[in-house]
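Please report on the pockets of this protein. Cover their volumes, their linings and the elements that supply them.

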Amino acid sequence: MGATLYVIPGSHPSQAARLMLERKGIDYRRVDLMPVISKGILRTLGFPAATVPALRIDGRRIQGSRAIARELDRLRPEPPLYPADPDRRALVEEAERWGEEELQPVARRVIWNALRRDRSALAGFARGARLGVPIGLAVRTSAPLVALSVRFNAASDRNVRADLAALPGMLNRIDDWIDEGVLGSAEPNAADLQIATSLRLLTTLADVRPALESTPAGELAVRVVPEFPGAVPPVLPEAWLAGLGQRAGVSVSAGRGA
Ligand SMILES: N[C@@H](CCC(=O)N[C@@H](CS)C(=O)NCC(=O)O)C(=O)O
């Protein structure tokens with residue numbers, strides 16, 4: 001089964017697709033793409049949309065983390081990414097949908113807003129990637145790509161402040177799903193992979209990590225995604241983080257102005 005996975009380093013749905021392929025034991029070639037530039041390359045390669053993860057497998061092109069999960073389960077049913085029982089499957093699919101449509105964009109907006117404030121942190125996300133240019137050079141010349149990524153992803157200050165205010169409620173919802181057994185089983189399902197990769201990206205932010213540490217959602221993230229490149233030092237205005245401190249009974253780091 002010949003497979004090529006197109007990713008952007010540090011992209012959380014790309015990490016989800018990588019983990020799916022690994023769980024299925026499918027060998028694949030990984031192609032690392034730079035953000036923004038990826039869009040044109042994917043179109044040239046004949047993919048219908050402009051986002052990663054994008055998978056070529058057995059001559060077919062599959063795009064999007066949820067479509068990839070379904071296709072991999074069809075091609076190689078074991079180990080399954082969805083429960084066999086229809087009622088349980090519906091619950092996992094709803095958590096997976098929410099993870100893709102609600103949580104994934106929040107993680108994406110927060111990270112781009114933070115990287116706009118500290119572009120040097122980009123280097124960590126590119127660790128181990130083959131971008132075709134030296135990583136130092138890519139980071140030094142990244143200002144236009146970061147600005148475009150902020151724009152394409154609507155990672156404005158206003159949106160990200162609202163995202164951070166909504167995040168405690170989202171994390172509580174994930175804790176509830178873990179409690180109910182929809183998420184967090186010993187064998188990760190498609191919703192675990194979808195949600196844990198977004199959470200894991202959020203744990204790379206020093207500003208957000210305390211809200212996840214020692215919580216069920218945070219533990220899920222680290223167990224399902226033990227390795228995730230990148231680390232962003234505290235860069236977000238303290239006033240935006242006030243709600244996060246309440247969630248885990250932790251106080252966010254002080255000492256920075258809003
Ligand atoms: N919801 C889609 C999201 C795909 C998506 O937006 N991917 C981002 C990276 S996380 C992307 O390709 N962005 C293009 C860019 O950064 O230029 C999925 O789960 O596959």
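The lining of the second largest pocket divides into 10 nonpolar, five polar and six charged residues. Here Ala, Val, Leu, Ile, Met, Phe, Trp, Tyr, Cys and Pro count as nonpolar, Asp, Glu, Lys and Arg as charged, and the others, Gly among them, as polar. This is a predicted model: local features need pLDDT of at least 70, side-chain atom pairs count only at pLDDT 80 or more, and totals for chains, interfaces and linings use all residues. Residues are numbered from 1 along each chain as its sequence is written, and side-chain values use heavy atoms, with hydrogens and water left out.

A pocket is an open set of points on a 1 Å grid over the protein atoms alone, where a 1.4 Å probe fits, with protein on both sides within 12 Å along at least five of seven lines; lining residues have an atom within 4 Å of a point. Volume is the space filled by probe spheres set on the points, which are joined across faces, edges and corners.

| Pocket | Volume | Nonpolar, polar, charged lining residues |
|---|---|---|
| Largest | About 780 Å³ | 25, 11, three |
| Second largest | About 310 Å³ | 10, five, six |

The second largest pocket has 21 lining residues, and Gln15, Arg18, Glu227, Phe228 and Pro229 are the closest to its centre. Helix 1 and strand 2 (29–32) each give two or more residues to that lining. Helix 1 supplies the largest share, five residues. Helices (H or I, at least four residues) and strands (E, at least two) are DSSP runs, numbered from the N terminus.

The largest pocket holds about 780 Å³ of space. It is lined by 39 residues, with Ile8, Ser11, Pro35, Val52 and Trp112 the closest to its centre. Helix 4 (86–117) is among the helices that each supply at least two lining residues. Helix 4 gives the largest share, six residues.
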